[in-house]
Amino acid sequence: MIKKIGLITSGGDSPGMNACIRAVVRTARAEQIDVVGFYRGYEGLIDDDYINLTKSKVSNIIHRGGTVLKTARSKRFMTQEGMQMAVQTLQKHQLDGFVIIGGDGSFKGALELSKHHNIKTVGCPGTIDNDLVGTDYTIGYDTAINTVVDAVDKIRDTAESHDRIFVVEVMGRDAGLIALRSAIACGAEAILIPERKNDLKFLLEKKKTWRQTKKSRIIIVAEGDENGGAIGIGNLLKLEWPEFDIRISILGHIQRGGNPTCMERVNASLMGYYAVKALQDGRSNEMIGIVNKQVCYTPFKDAVKHIEELNPEMLKILDILSA
Ligand code: F6P
């Protein structure tokens, strides 16, 4: 029987993490389960830096970006000494369940932990990149793409006034999902993403089909694109297309902040709820996902980044609509 669980947010923060924290705490308390929140991800577990989370401690956070538990990408947790200290903390608090809200790196950490302690652990996918196998949706993605759309709409205004081309860089170290979806929503003329290796050649050729009457254009680049992100591509385009006035804009960490969207809050709440239920059902080392609107469970070892799985149909649609 689960009586006391630990909770961390780990890796890059993402809007909706607070909604998930709230759902974990409120679901657990409804079942008389105590919740200990550790600050700064695995760092807090190592340092035993914690807070007893009651229902009232998670009041008024559902709408806030970031994470009230703070987060970190812990290097110490990957050391033998750090792992031992984390295990001691789990023992001290007599935890019999653990919920991790984070990305694939955080789940790898959980797998490592399970080699040293038999605590039951489940994960909720938290990353703006939406690049995990086992879920259609990761916490933070919907808000991030809406932030991008809002920013690019503003860039479009000035691009059009000046007849300029803008090369806009969005996040996505290994994945082009933020780029692709926001590009369709913004009516971008082209995207460059790490999943497609010939997209620079394609962009240079694409110019031939562009309407002569249209002088302003938006090119969205995922930061992980092999051609060097927006700076590399923008500078190259300046050389290749001297007839155009080209500007570069890097959206950066604004994509990780802001109030979560309605969809984000709902999905994060569902995941937090099902994480507690999964622990009660005896599940362990699994990530909660939502696939085709159904809750599903993926072993941590398989909840890895899915690279090169972009829907080709979406790319085709983008090309047709932006011509
Ligand atoms: O993994 C999420 C992410 O937002 C990536 O898209 C981005 O490359 C990275 O985190 C940035 O991380 P940091 O804030 O640690 O520089």
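A residue is taken to be near the ligand if one of its heavy atoms lies within 4 Å of it. In the predicted model described here, the residues that surround the ligand under this criterion are Arg73, Thr127, Ile128, Asp129, Met171, Gly172, Arg173, Glu223, His253 and Arg256.

Three of these surrounding residues were examined for polar atoms close to the ligand. In the side chain of Arg73, an N or O atom is 2.8 Å from an oxygen atom of the ligand. Glu223 likewise places a polar side-chain atom 2.4 Å from a ligand oxygen. For Gly172 the atom concerned belongs to the backbone: a backbone N or O atom lies 3.2 Å from an oxygen atom of the ligand. The ligand, taken alone, exposes 400 Å², of which the protein buries 78%.

The chain that carries this site is divided into two domains. Domain 1 comprises residues 4-140 together with 260-299, whereas domain 2 comprises residues 143-255. The C-alpha centres of domain 1 and domain 2 are separated by 34 Å.

Contact between the domains involves 10 residues of domain 1 and 10 residues of domain 2. Between them, domain 1 and domain 2 bury about 750 Å², and carbon and sulfur atoms account for 55% of this area. Of the area that domain 1 buries against domain 2, Ile128, Asp129 and Thr261 supply 55%, more than any other three residues. Ile128 and Asp129 are also among the residues that surround the ligand.

With regard to polar interactions, 0 salt bridges are found across the interface of domain 1 and domain 2. The number of residue pairs in polar contact between the two domains is 4. On the side of domain 1 that touches domain 2, the residues divide into 3 nonpolar, 3 polar and 4 charged.

Methods. Residues are numbered from 1 along each chain as its sequence is written. This is a predicted model: local features need pLDDT of at least 70, side-chain atom pairs count only at pLDDT 80 or more; totals for chains, interfaces and linings use all residues. Side-chain values use heavy atoms; hydrogens and water are left out. Domain bounds come from an automatic or database domain assignment. Contact means heavy atoms within 4.5 Å. Buried area is the accessible area (1.4 Å probe) that two parts lose on being put together, summed over both. A salt bridge is a side-chain nitrogen of Lys or Arg within 4 Å of a carboxyl oxygen of Asp or Glu. A polar contact is a pair of N or O atoms within 3.5 Å; within protein, one must be able to donate a hydrogen and the other to accept it, and residues adjacent in sequence count only if both atoms are side-chain atoms. Ala, Val, Leu, Ile, Met, Phe, Trp, Tyr, Cys and Pro count as nonpolar, Asp, Glu, Lys and Arg as charged, and the others, Gly among them, as polar. Accessible areas come from the Shrake-Rupley method with a 1.4 Å probe; for residues, only the protein chains shown count as cover.
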